[in-house]
Amino acid sequence: MTGTVSAGTELLRLADLPDGATREFILGSGDWPPSGFVVRLGDEIHAWFNRCPHALRPLNAMPDRFLTPGGGLIQCAAHGAQFEKATGLCIAGPCLDESLRRIAVRVVNGAILLDEDLDLAKLERWPR
Ligand code: FES
C-alpha cells in the first residue's frame, strides 16, 4: 500500500452520521484498502484507523458496526477489546491501556474532511 491521502479529502457527509452512530470510510484503493471509522458524539466527531492494537485486525466484522451492543464503547469483533469512543483508549481486553490510532478530521460545510495528509505506507506499519 503506497501513496498519500491528502488533507481536505472528504470522508463522509455529516448528515449521514446520526448522533451516536459509527461509519467506516476507505483510505486508498486496491483489493484490500485500509479503512478508518468515525464516531459521532453530539458535535464531536472522532475518527480512528480501523486496526486493533492487539492483533492488528480490523475492528469490525460487519459494515459500520464498531460499538458494544449498548453503544457505550468501541468493541473489536476479533477478541472483544473495548475502547473509549472519545479517546480510543483500551479499557478492557487483551490490549489494555493501548490506544487506537486517531485520524485528525474537521467538519466544513457539512463534510467530514481529513485534517492531515495520511501516508498509507506509514499508516500500514502502525503501531510498529
Ligand atoms: S484483534 Fe482486537 S481484540 Fe484481538
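Which residue takes a positive phi in the hairpin of β4 and β5? In this predicted model, that residue is Gly42, with a phi near 65°. The hairpin leaves two residues between its strands, and a look at the strands themselves helps to place this turn.

Strand β4 spans residues 35–41 and has a partner on either count examined here: β3, made of residues 22–26, and β5, made of residues 44–49. The pairing with β3 is antiparallel and runs over five bridges. With β5, the sense is again antiparallel, this time over six bridges. Val38 is a handy landmark for both pairings: Arg23 stands opposite this β4 residue, and so does Ala47 of β5. As for cover, β4 is mostly tucked away, with six of its seven residues buried.

Ser35 gives a closer view of strand β4, in which it lies. This serine counts as buried because its relative accessibility is 7%, below the 20% cut-off for that label. The side chain of Ser35 makes a polar contact of 2.7 Å with the side chain of Glu24. Once neighbours within four places in sequence are set aside, the residues in contact with Ser35 are Glu24, Phe25, Ile26, Leu27, Phe49 and Asn50. Glu24 thus turns up both in that list and as the polar partner of Ser35.

Technical notes
Residues numbered from 1 in each chain as written. Predicted model: local features only at pLDDT ≥ 70, side-chain atom pairs only at ≥ 80, totals over all residues. Heavy atoms only, no water. Buried < 20%, exposed > 50% of the residue type's maximum accessible area, 1.4 Å probe, protein only. Helix = DSSP H or I, 4+ residues; strand = E, 2+ residues; numbered from the N terminus. Pairing = 2+ DSSP bridges. Polar contact = N/O pair within 3.5 Å; in protein donor to acceptor, adjacent residues only side chain to side chain. Contact = heavy atoms within 4.5 Å.
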